[in-house]
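The following report considers how two chains are arranged against each other, beginning with a single helix pair and then widening to the chain and its interface. The sequence and structure come first.

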Amino acid sequence: MDQIIVQVLNGLDKGSAYALIALGLTIIFGTLGVVNFAHGALFMMGAFCAVITSKILSVSHQVVDPTRSDFLGNPMQVDTFYVQDWFGMAAGQTIMDWAVPIAILFAIPVMIFVGFAMERGLIKHFYKRPHADQILVTFGLALVIGEIIKYFFGANPIQTPAPPAFTGSLDFGMILGYEAQTIMYPYWRLVYFFFSAFIIAGVFAFLQFTTFGMVVRAGMADRETVGLLGIDIDKRFTFMFGLAAAVAGVAGVMYAPIVAPNYFMGMDFLVLSFVVVVVGGMGSLPGAVAAGFLLGVLESFASMPAVIDLLPGINQIIIYLVAIIILLTRPRGLMGRKGVMEE
Amino acid sequence: MFGLTRKDSKLMLIVFGLVMLAPFILNPFPEGSAMAQFNAGYPDLMQRFVIFGIFAVGFNLLFGLTGYLSFGHAAFLGIGSYAAIWSMKLVTLNVIPGILVSIVVAGAFALVVGFVSLRRSGIYFSILTLAFAQMMFAMAYSVLTPITGGETGLQIKNTDTPLFGGPADGGIGRANLFGAEMGNSYELSLGNHLFTFNLGYYIAGVFLLIAFYVSIRIFRSPFGIMLRAVKSNQQRMNYTGLTPKRYTLSAFVISGMYAGLAGGLMVAMDTQVGPERMFWTASGEVVIMTILGGAGTLMGPVLGAGVIKYMENIISKINKDILHEWFAFMPDGFEDVIVALVYPFIGKGWHLTMGILFMMVVIFLPGGLVEGGQRIAKLFRRNKTSDTQDATSRTPAE
């Protein structure tokens, strides 16, 4: 039993990332009808927003400290961080430690802007072209973004630590009445899970309870009629693209402490997120979220030692296996709507 | 010639000439000159041109004709490679049986994967092929280690004793063609030029010619027209009483066999396999090659494969010092600026150039480089024959 709880917990954070990316993918697909292969790259850009923020916050300059001397007897040069100069020692240190959460503030406008630029600059011209062309051009864009990131940050993963307040682990078993140390769960993963639940709830609430969201939903159902009612639906869809980019971005920011960002992580997540979207049902937002968590948890179940002993290698292929079975038995995915992407 | 029209015969002859004279064509710069690094006429790279050309030609038979975008084709290449190396380890070091085995095995896998994947179309088909390929990659990497060698892959070792013609002295066996080793080369030096004629390359080249010939025949056959019909309107095809699945599945298997052939040749040239050649980025690469050159055209995939492999091997070698050497004639500050501007796009950044080039082609030239060439050719022709064209256009058509 405790093993199962551990696996569910382990699956949740990965599942949250899948769900957030798949949610963005589905928003873009549902509104604009575009299959966005560059969405993983947006996730990766978010993660690098965290890297950039922590770099900016730890910009330092050299100050001569007259009280200390180096081994040659000269006055010692000490690296001083600007934030510490401005906000004082302790506050500066806190700001630097909390770089990742602060990065969200930085990432949201950046990612919305990137989303707007992508939609207006490139994707707009591909609405009338076949899906294959959309896949190809966004795939190319993903390559280019990855390479640009690689040029500036190198090919190696960059460690981006979580705030020290969250570096420990929660002894989850204690709460449930197990012995100590049986079920350990890092705080940051818990934060990630609640954070993504919050974002997902926010997106759904936005679509469900605001006028803007209502118009967007109407546009998803019947774009032309909404247009005929005198609503500039294109503008709203562009905004939704920006929103989807921001969702992917913040998902990436918060994921940076879990997996050190490298220029290739977008591609890794993209392939899996597509599988998630297809399993959930193309164009269905709840389907994408549910499938994201489901596959995340399934994946971690499959990597339980007991399961691996039974079916070696199952942890590597479980997601694809599930995807193949679902696609062949339930062509619309778990919650797909009728008539979406059915040729 | 061989059942080809005059135009296709001409194309076939051009390809024949290019393949046979490649060691000359790809080595235009004298040895030791500053431009010598642009020479691509060394056996290893020439083999790669040809092998990936075959791979892309096969992919084009599926994507170019039917419009089904497979994102998992590298799996068949990998399977072909594994089949070929086992044939060499167990049966004989002769490459011909190895290559035949690789074609057959890859074809069999393609039949299974295609049968399942082709039940869906569009993006679902892409995802299904991707999922199958990733599964095969993951299995080759981990579970099937006894068969695939896992992460380290397979090589021919001195403990391998093939049934026929193993090395007598207990050394490491080498791939051969009836005794002639793949690595055998004849070097011809003319003045400052050095040309290498490699046996392995020519064997691969002959296979490319056969593959290309088959591809022309398929393009021009009733079967090829059926495949195009699948792309343009599957529903109408259904109403006519035809079963698209039969044709698409045949195309899928044929293109899987092409991939298997490419994989077998890779092993024949360099007797080792690793699972990384089945990874989905490898599948992405063949997609890029085909689109870049021109999907649905005959020459496009070969051209695209050539461009990508040339960039991968030649452009990626240029470093900052070489750039400084080139732009040394400029004033000092200006030179640095130019080098700084150019540097991100070459050397290790060649992927960036490739990505941008690929995007440009998808956006502006859906027909690939071949269409670009045609457009330029048309431009010149129109200028030259503008008078005569006016005269013909005025005559009423029928």
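## A helix pair across the chains

Helix 12 of chain A and helix 5 of chain B cross in a left-handed sense. The model in which this crossing is seen is a predicted one. Helix 12 of chain A covers residues 265–280 and helix 5 of chain B covers residues 122–141, and the two pack at an angle of about 125° with their axes 11 Å apart. Because angles of 65 to 115 degrees count as roughly perpendicular and those over 145 as roughly antiparallel, helix 12 of chain A is oblique to helix 5 of chain B.

On the chain A side, the contact is made by Val271(A), Phe274(A), Val275(A) and Val278(A) of helix 12, while helix 5 of chain B contributes Tyr124(B), Ile127(B), Leu130(B), Ala131(B) and Gln134(B). Sorted by class, the residues of this helix contact are 8 nonpolar and 1 polar, with no charged residues.

## The wider interface

The contact between the chains takes 32 residues from chain A and 34 residues from chain B. On the side of chain A that touches chain B, at least two residues each are supplied by helix 6 (131–153), helix 12 and helix 15 (314–329) of chain A, and helix 6 of chain A gives the most, with 14 residues. The classes of residue on the helix contact and on this side of chain A are set out below.

| Contact | Nonpolar | Polar | Charged |
|---|---|---|---|
| Helix 12 of chain A with helix 5 of chain B | 8 residues | 1 residue | no residues |
| Side of chain A that touches chain B | 25 residues | 4 residues | 3 residues |

## Chain A as a whole

Chain A holds 15 helices and 4 strands, and its C-alpha trace spans about 80 × 55 × 35 Å along its principal axes. Its radius of gyration is 23 Å, which agrees with the value near 20 Å that a compact globule of 343 residues would have. Of the 343 residues of chain A, 45% count as buried, and among contacts in chain A with a separation of 6 or more, 75% are accounted for by residues 24 or more positions apart.

## One residue of chain B

Ile14(B) lies in helix 1 of chain B, which runs over residues 6–25. Because 11 other C-beta atoms are found within 10 Å, Ile14(B) is exposed, the cut-off for exposure being 12 or fewer. Ile14(B) and Tyr310(B) are separated by 296 residues in sequence and, C-alpha to C-alpha, by 20 Å in space.

Note on methods:
Residues numbered from 1 in each chain as written. Chains lettered and ligands numbered in written order. Predicted model: local features only at pLDDT ≥ 70, side-chain atom pairs only at ≥ 80, totals over all residues. Axes fitted to C-alpha atoms, helices over the stretch in contact; angles between N-to-C directions. Parallel < 35°, antiparallel > 145°, perpendicular 65-115°, else oblique. Left-handed = near helix turned anticlockwise from the far one by under 90°. Contact = placed C-beta atoms within 7 Å. Nonpolar A, V, L, I, M, F, W, Y, C, P; charged D, E, K, R; others polar. Rg over C-alpha atoms; globule rule 2.2 N^0.38 Å. Buried ≥ 20, exposed ≤ 12 C-beta atoms within 10 Å, placed from the backbone.
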